[in-house]
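Grab a pencil and let's work through a protein model together. Each exercise comes with a solution you can follow step by step.

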Amino acid sequence: MAEISDGTSLAALSIPGTHDTMARDVTALAETQESPLPEQLDAGVRALDIRTRHFQDRFTIHHGRVYLHANFTDVLRQTTDFLREHPTETVLMRVKPEHTAEQNTRTYEETLDWYLTENPDTAGLAHDYVWTPPGGEYATRIPDLGQVRGRIVILQDFDGAGTVYGPRWAGAGMSIQDDYEVPTLFDIARKWEKARTHFETTRTGPADRLHINFLSGASLGALPIHVASGGLGFRGVNDYALSHLRATDLPRTGVVMADYPGPGLVEEILAENP
């Protein structure tokens, strides 16, 4: 992002991301990534999908009911370590409640505030590296890159109890395609058509709207690795997307969230930037 001007809206960028960023080394149905978070960031990923279970007044990281052997402190430390070394970059972080909330004495927002302002392990990191929106209009307004360089931008996929932590997920400032139901391998091509259509929506959509396109999908009949990478004679969505981006001159891709994104796909998304 160092070569992109400060006045460029994040909505105008082409940003590689990972769906269920922390889901690795778990069951075949729950796993969506091969690389740990630091390696994803080093490879060019700049949008994260962080699912937090509110449990005992802490955030553990889950994919559905599956615990991913990490907590929110790990995510903040690893992301801020990267930003410390790369201050021209910004990282978008969808924060979403996941699975069941249990054994808590405070609200989800109060626990998030504890991580951001009180927890001795994370409050200092959050103060230095988590972007604080300067006004309530940023619930729908997408910031410019110059406002958020070196910072984490929270994409707020929770209520917030009146507090704006960042642009609201699926709010007026976003356009999202996340049709994740892929019942069988025969439905992979249909999933790709959903993603391809959203690339076209991104091309012609409002310039100030953040477009987010999920390439991911799964079911017992089509595991995430097969939807992403193909198998048994079926082509994966990532390969469809890579071919499409190589053949199409897009002004932007928006945020592209993928399972198991290879270097070719990440580099092709980045190449669409101004």
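Below are four exercises on this model, which is a predicted one.

**Exercise 1. Find the annotated domain and describe the chain there.**

Solution. Start with the record: an unreviewed UniProt entry carries the annotation "domain: Phosphatidylinositol-specific phospholipase C X" for residues 5-157. Next, look at the secondary structure of that stretch: 27% of it is helix and 25% is strand. Last, take the C-alpha atoms at the two ends of residues 5-157, and you'll find them 28 Å apart.

**Exercise 2. Describe the largest pocket and its lining.**

Solution. First comes volume: the largest pocket takes up about 270 Å³. Then go to the walls, where 14 residues form the lining. Nearest the centre of the pocket are His19, Asp20, Arg51, His63 and Tyr180. Finally, sort the lining by type: you get four nonpolar, five polar and five charged residues.

**Exercise 3. Explore the nonpolar cores, then work out whether Thr80 is buried or exposed.**

Solution. Begin with the largest nonpolar core, which has 31 residues. Met22, Leu48, Ile50, Phe72 and Met93 have the most contacts inside it. There is also a second, separate core, made of 22 residues, with Ile142, Val148, Val153 and Ile212 among them.

Now zoom in on Phe72. Skip residues up to four places away in sequence, and Phe72 still touches Ile50, Thr52, Phe59, Ile61, Met93, Leu112 and Tyr115.

On to Thr80, which sits in helix H2, spanning residues 72-85. Its relative accessible area is 0%. Buried means under 20%, so Thr80 is buried. Who does Thr80 touch, apart from neighbours within four places in sequence? The contacts are Leu125, Tyr129 and Ile152.

**Exercise 4. Look at the phi angles of Ala161 and Ala170, and decide whether these residues are buried or exposed.**

Solution. Here's the background: most residues other than glycine have a negative phi. Now check Ala161: it isn't a glycine, yet its phi is positive, about 50°. Ala170, also not a glycine, has a positive phi near 65°.

Where does Ala161 sit? You'll find Ala161 in the loop between strand E6 (152-156) and strand E7 (174-177). Ala170 lies in the loop between E6 and E7 too.

For the last step, recall that exposed means over 50% relative accessible area. Ala161 has a relative accessibility of 59%, so it counts as exposed. Ala170 is at 56%, so Ala170 counts as exposed as well.

Conventions: Residues numbered from 1 in each chain as written. Predicted model: local features only at pLDDT ≥ 70, side-chain atom pairs only at ≥ 80, totals over all residues. Heavy atoms only, no water. 1 Å grid on protein atoms, 1.4 Å probe; cavity = no way out; pocket = protein on both sides within 12 Å on 5 of 7 lines; lining within 4 Å. Points joined across faces, edges and corners; volume = space filled by probe spheres on them. Nonpolar A, V, L, I, M, F, W, Y, C, P; charged D, E, K, R; others polar. UniProt positions renumbered as here; feature names shortened; annotations may be inferred. Helix = DSSP H or I, 4+ residues; strand = E, 2+ residues; numbered from the N terminus. Buried < 20%, exposed > 50% of the residue type's maximum accessible area, 1.4 Å probe, protein only. Core = buried A, V, L, I, M, F, W, Y, C linked by side-chain atoms within 4.5 Å. Contact = heavy atoms within 4.5 Å.
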